[in-house]
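Q: Please take a close look at one strand of this chain. Start from a single residue in it, then work outward to its partners, the cores and the charged pairs.

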Amino acid sequence: MPIPILLLKRLAIATAAMIGLSETPHALAADKLTATQLMSLAKSASPGLGEAITSTFDAKDLREGTAWAGHGYDFFFAVQGQPGPQLLIDGSPGPQMQQLSGSDLWYTAARIEQLGKLHSFYYLVN
């Protein structure tokens, strides 16, 4: 039985309320979208979602699995690479990742209820 491979090391994230920001630093540049905007594109199955993800997050962050954006309770996660990554948030399974059609990008939106607490996420593959 293959042992799940931890694709990424744990990365501590703080909710927007904890760090006192309404959006992540990714959303500060004009061509980068907020978590809310990315979630809206994903929900509407917009053909521009792939471009929005790659223009919002650094390629390195996507490859390393550290690309995320948050606003309040709502978070958007994206990762590039291995098929079928499983997102774990605070050690528990998160929402199922969706593959962007015709690419090796995976994404999902999540709601994390406990504001004011540090949270962590990582991916398992295989």
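A: Start with L118, which is found in strand 9, residues 118-125. The model is predicted. L118 counts as exposed, because its relative accessibility is 52% and the cut-off is over 50%. Strand 9 as a whole is another matter. Six of its eight residues are buried, so strand 9 is largely enclosed by the rest of the structure.

Next, a distance. L118 and D90 are 28 residues apart in sequence. Their C-alpha atoms are 9.1 Å apart in space.

Now the pairing. Strand 9 pairs with strand 5, residues 86-89. The sense is antiparallel, and the pairing runs over four bridges. Within strand 9, Y123 stands opposite L87.

On to the cores. The largest nonpolar core has 16 residues. L49, I53, F57, L62, F76 and Y107 touch the most other members. Five elements each give two or more residues to this core: helix 2 (35-43), helix 3 (49-56), strand 3 (67-71), strand 4 and strand 8. Helix 2 gives the most, with four residues. L49 shows how some of these contacts run. Leaving out residues up to four places away in sequence, L49 touches L38, L41, A42, F76, L100 and Y107. Apart from the largest core lies another, of 12 residues. Its members include L87, the residue opposite Y123. V79, I89 and I112 are also among them.

Last, the charged pairs. The count comes to two salt bridges. R111 forms one with D74, and the closest N and O atoms are 3.3 Å apart. This pair links distant parts of the chain. R111 lies in strand 8, residues 105-111, and D74 lies in strand 4, residues 74-80. The two residues are 37 apart in sequence. D74 is partly exposed, because its relative accessible area is 23%, which falls between the 20% and 50% cut-offs. R111 also forms a salt bridge with E113, and here the closest N and O atoms are 2.9 Å apart. Shared partners join D74, R111 and E113 into one network.

Strands 4 and 8 thus appear twice in this account. Each gives two or more residues to the largest core. The R111 and D74 pair also links them. Back at the starting point, L118 is exposed, while strand 9 is largely enclosed.

Technical notes:
Residues numbered from 1 in each chain as written. Predicted model: local features only at pLDDT ≥ 70, side-chain atom pairs only at ≥ 80, totals over all residues. Heavy atoms only, no water. Salt bridge = Lys/Arg side-chain N within 4 Å of Asp/Glu carboxyl O. Buried < 20%, exposed > 50% of the residue type's maximum accessible area, 1.4 Å probe, protein only. Core = buried A, V, L, I, M, F, W, Y, C linked by side-chain atoms within 4.5 Å. Contact = heavy atoms within 4.5 Å. Pairing = 2+ DSSP bridges.
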